[in-house]
Amino acid sequence: MYLELTDVENEKLSSYRESIKKLMSAKRYQHSLAVEEQAYKLAQIHGGDVARSVTAALLHDVARDMEPEKQLALIEKHKISFAESEKKERALWHAGAGAVYVQECLGIGDEEIIGAILHHTSGCANMNLTEKIVFVADKVSKDRNFEAVAKERKKAESSLEDVIFKYVKNMVSSLVARNRHVSQKTLETYNHYREKITKQKISIAS
Ligand SMILES: [Fe+2]
Ligand SMILES: [Fe+2]
């Protein structure tokens, strides 16, 4: 129950929680709730749209436990911006399928919520604030336990873009190290935030 939201918005969130619980493992459901909680904190800190941020965060992995073939079928059956290059990066399928699922099955039409779900894995160049919040909340939520997560969680309070860049850089390195395809979209995210962070560092130093 969020005081910032109307009763209708809070009721919708409760019904989404009930819906997604049936579609995923208990662990994935706990992750979804943790990302929702993290997105709420980040939206408050960075002046984001609380309703959109928590809704997209709660629903971001709605298609994660679907069969890969079903994820791809959803993407291909419906009009969604999903390039051939993205289809070769399998980890991105659940993001595309999730963006379709929330429209088709939950009746969500809000472009910002749909975009935040669609871009939560690869990011994209020039993300809006809701997209940035959901992307980062997913990487630093309280259920994450990689070594530097506490530091990254703290950094997210001052700069969402620093965390985005670091994560995408690691993602590109990891795909290359495993000889995997890196989608155009993932590379665009990397290049966009690399340039932004570099420019920021130069202007701070000068
Ligand atoms: Fe995901
Ligand atoms: Fe996630």
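Let's start with one residue: setting aside its neighbours within four places in sequence, Tyr40 is in contact with Tyr2, Val50, Ser53 and Val54. This model is predicted, and its secondary structure comes to eleven helices and zero strands. From Tyr40 we can work outwards to the helices around it.

**Starting point: Tyr40**

- Tyr40 lies in helix H2, a helix that is among the elements covering the buried residues of H3.
- Is Tyr40 buried or exposed? Tyr40 has 20 other C-beta atoms within 10 Å, and a residue needs 20 or more to count as buried, so Tyr40 is buried.
- Two of its contacts, Ser53 and Val54, are themselves listed among the buried residues of H3.
- Measuring from C-alpha to C-alpha, Tyr40 and Gly115 are 17 Å apart in space, while 75 residues separate them in sequence.

**The whole protein**

- If you read along the sequence, you meet the pattern α-α-α-α-α-α-α-α-α-α-α.
- The radius of gyration is 17 Å, close to the 17 Å that the globule rule gives for 206 residues, so the protein is as compact as a globular protein of that length.
- Taken along the principal axes, the box filled by the C-alpha atoms is roughly 50 × 40 × 30 Å.
- How much of the protein is buried? Of its 206 residues, 39% count as buried.
- Consider the contacts between residues at least 6 apart in sequence: 65% of them join residues at least 24 apart.

**Helix H3, an enclosed helix**

- Helix H3 covers residues 50-59, and nine of its ten residues are buried, so H3 is largely enclosed by the rest of the structure.
- The buried residues of H3 are Ala51, Arg52, Ser53, Val54, Thr55, Ala56, Ala57, Leu58 and Leu59.
- What covers them? The cover includes helix H1 (7-21), helix H2 (26-46), H6, H7 and H8.

**How H3 meets H7**

- The axes of H3 and H7 come within 9 Å and cross at roughly 40°.
- That angle makes H3 oblique to H7.
- H3 passes H7 in a right-handed crossing.
- On the H3 side, the contact is made by Arg52, Thr55, Ala56 and Leu59, and on the H7 side by Glu112, Ile113, Ala116 and Ile117.
- Sorted by class, this contact has five nonpolar, one polar and two charged residues.

**How H6 meets H7**

- Helix H6 (residues 93-104) and helix H7 (residues 111-118) have axes that come within 7 Å and cross at roughly 155°.
- Which way do the two helices run relative to each other? The crossing makes H6 roughly antiparallel to H7.
- H6 brings Ala95, Gly96, Gly98, Ala99, Val102 and Gln103 to the contact, and H7 brings Ile114, Ile117 and Leu118.
- The residues of this contact divide into six nonpolar, three polar and no charged.
- Ile117 appears in the contact with H6 and also in the contact with H3.
- Within H7, the buried residues are Ile113, Gly115, Ala116, Ile117 and Leu118, and what covers them includes H3, H6 and H8.

**How H9 meets H10**

- Helix H9 (residues 149-158) and H10 pack at an angle of about 135°, with their axes 6 Å apart.
- H9 and H10 are therefore oblique to each other.
- Glu152, Lys155 and Ala156 of H9 make the contact with Leu160, Asp162 and Val163 of H10.
- By class, there are three nonpolar, no polar and three charged residues in the contact of H9 with H10.

**Two asparagines in loops**

- Here is some background: most residues other than glycine have a negative phi.
- Asn126 has a positive phi of about 60° although it is not a glycine.
- You can find Asn126 in the loop between H7 and helix H8 (129-140).
- With 11 C-beta neighbours inside 10 Å, Asn126 counts as exposed.
- Asn179 also has a positive phi, near 60°, and is a residue other than glycine.
- Where is Asn179 found? Asn179 sits in the loop between helix H10 (160-177) and helix H11 (184-205).
- Asn179 is exposed because 6 other C-beta atoms lie within 10 Å, and 12 or fewer is the cut-off for an exposed residue.

Definitions and conventions
Residues are numbered from 1 along each chain as its sequence is written. Chains are lettered from A and ligands numbered from 1 in the order in which they are written. This is a predicted model: local features need pLDDT of at least 70, side-chain atom pairs count only at pLDDT 80 or more; totals for chains, interfaces and linings use all residues. Axes are lines fitted to C-alpha atoms, for helices over the stretch in contact, and angles run from 0 to 180 degrees between N-to-C directions. Helices (H or I, at least four residues) and strands (E, at least two) are DSSP runs, numbered from the N terminus. Angles under 35 degrees count as roughly parallel, over 145 as roughly antiparallel, 65 to 115 as roughly perpendicular and the rest as oblique. Two residues are in contact if their C-beta atoms, placed from the backbone, lie within 7 Å. Ala, Val, Leu, Ile, Met, Phe, Trp, Tyr, Cys and Pro count as nonpolar, Asp, Glu, Lys and Arg as charged, and the others, Gly among them, as polar. The radius of gyration is taken over C-alpha atoms; the globule rule is 2.2 Å times the number of residues to the power 0.38. A crossing is left-handed if the near helix is turned anticlockwise from the far one by less than a right angle, and right-handed if clockwise.
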